[in-house]
Amino acid sequence: MSHQQTQSTVFDACDPRDDVLRGELAEDQFAANLASVAFDPEDAAPVYRDATEFFASTYPTEGLQTLLSTISSRFLSTTGRDPEYSAGILCLDTTFGGGKTHDMIAAHHLASNPGDIDDLDRHLEDDSLAGAYQDAVADGLSPRGAVFVGGYVDARNARSDTNNPDAPNTNTMWGEIAYQLYGNDGYEYLKEYDRNRDSPGENTLQGLFDLSDDPVLILIDEIAQYLEDASGIETGGTLLSTQTLSFMKSLLETASNRTDVTVVYSIADTAFTDEAETVRQEIKDLDSIEQRQQQTITPTGDTEISSVL
């Protein structure tokens, strides 16, 4: 005699959000866009642009906790606190849809809107770290951030914030990052490098980061797509893609030797396999000291997918 097993419905197994029950769930909530959040927040879905709502709706995966804990710890190092996490180079290496952009947006809010995150302790590995960071922010700690999204700009125009009439028409990744971090002073520091599309070396970047005592967070997303575009631009007998890879190596080498600079970059190779593999190989060429300062993070583990959903 067979017994028929009753299958639970999704409404029995979980409690849908109010917008789902009302039939008002917007599809744009599934399309995380780092560039929109950073440069055109009014066009971003509220769940992404608003730090409070974003973190309230975000499941704290192990990868996300590691990412935000590392960044917070390194921010606090500028206040005299010994960093509990040493990695100044964080790589989000995942396939398309693996949560990398979501983690990038979380890192952006951590630097730009820390006072709006009501439950930061839930998203860090150590409750005391969350309290220490938010206390430091209340006391005046002000991280500087730069966001470079390879699919948002192109190889001929790296300007990201088109809403700011005073923003320069940058030509390169380094010119744009310098401006975002330090305004006109930063851009002037690297102006000739940007105009000539010549990659600055480590000594020059050290000088750039010495323009301020504030901690720095640099987010670089979709770099493989940008390299594909930059491979068509000739500059000084070489290619912009080659100069960009040279800059990336100098940037990572600089970050590995400082506690106040943290670089988070992503490699998603679904559409740009060759370029993504080139980036991985270039990073492998860094010497052992820089390698020890890098940590690869998987935004969402296989066992966490159901919890995220």
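## The sheet

Five strands make up an open sheet, ordered β2-β3-β6-β1-β7, with parallel pairing. The edges are held by β2 (144-149) and β7 (294-297); each has a single partner strand, so one side of each lacks a neighbour in the sheet. On average, neighbouring strands are turned by 15° against each other, direction ignored. The model described here is predicted.

At one edge, β1 (residues 89-93) pairs with β7 in the parallel sense over 4 bridges. Within this pairing, Q294 of β7 is the bridge partner of I89.

## A helix on the sheet

Helix α7 (residues 100-112) packs on the sheet. The strands touched by α7 are β1, β2, β3 (216-221) and β6 (261-267), and the direction of α7 makes about 160° with that of β3.

## Nonpolar cores

The largest nonpolar core has 41 residues. L67, L68, I71, L217 and V264 have the most contacts inside this core. Leaving aside residues up to four places away in sequence, I71 touches L90, A107, L110, L217, T262 and V264.

A second core, separate from the largest, has 36 residues. Among them are A155, L240, M248 and V261.

## Helix α13

Helix α13 spans residues 240-256, 17 residues in total. From its first C-alpha to its last, α13 reaches 24 Å, close to the 24 Å expected at 1.5 Å a residue.

Most of α13 is covered, with 13 of its 17 residues buried.

Technical notes
Residues are numbered from 1 along each chain as its sequence is written. This is a predicted model: local features need pLDDT of at least 70, side-chain atom pairs count only at pLDDT 80 or more; totals for chains, interfaces and linings use all residues. Side-chain values use heavy atoms; hydrogens and water are left out. Two strands pair if DSSP finds at least two bridges between them. Helices (H or I, at least four residues) and strands (E, at least two) are DSSP runs, numbered from the N terminus. Axes are lines fitted to C-alpha atoms, for helices over the stretch in contact, and angles run from 0 to 180 degrees between N-to-C directions. Contact means heavy atoms within 4.5 Å. A nonpolar core is a set of buried Ala, Val, Leu, Ile, Met, Phe, Trp, Tyr and Cys residues joined through side-chain atoms within 4.5 Å. Buried means under 20% relative accessible area, exposed over 50%, partly exposed in between (1.4 Å probe, protein chains only). The expected span of a helix is 1.5 Å times one less than its number of residues.
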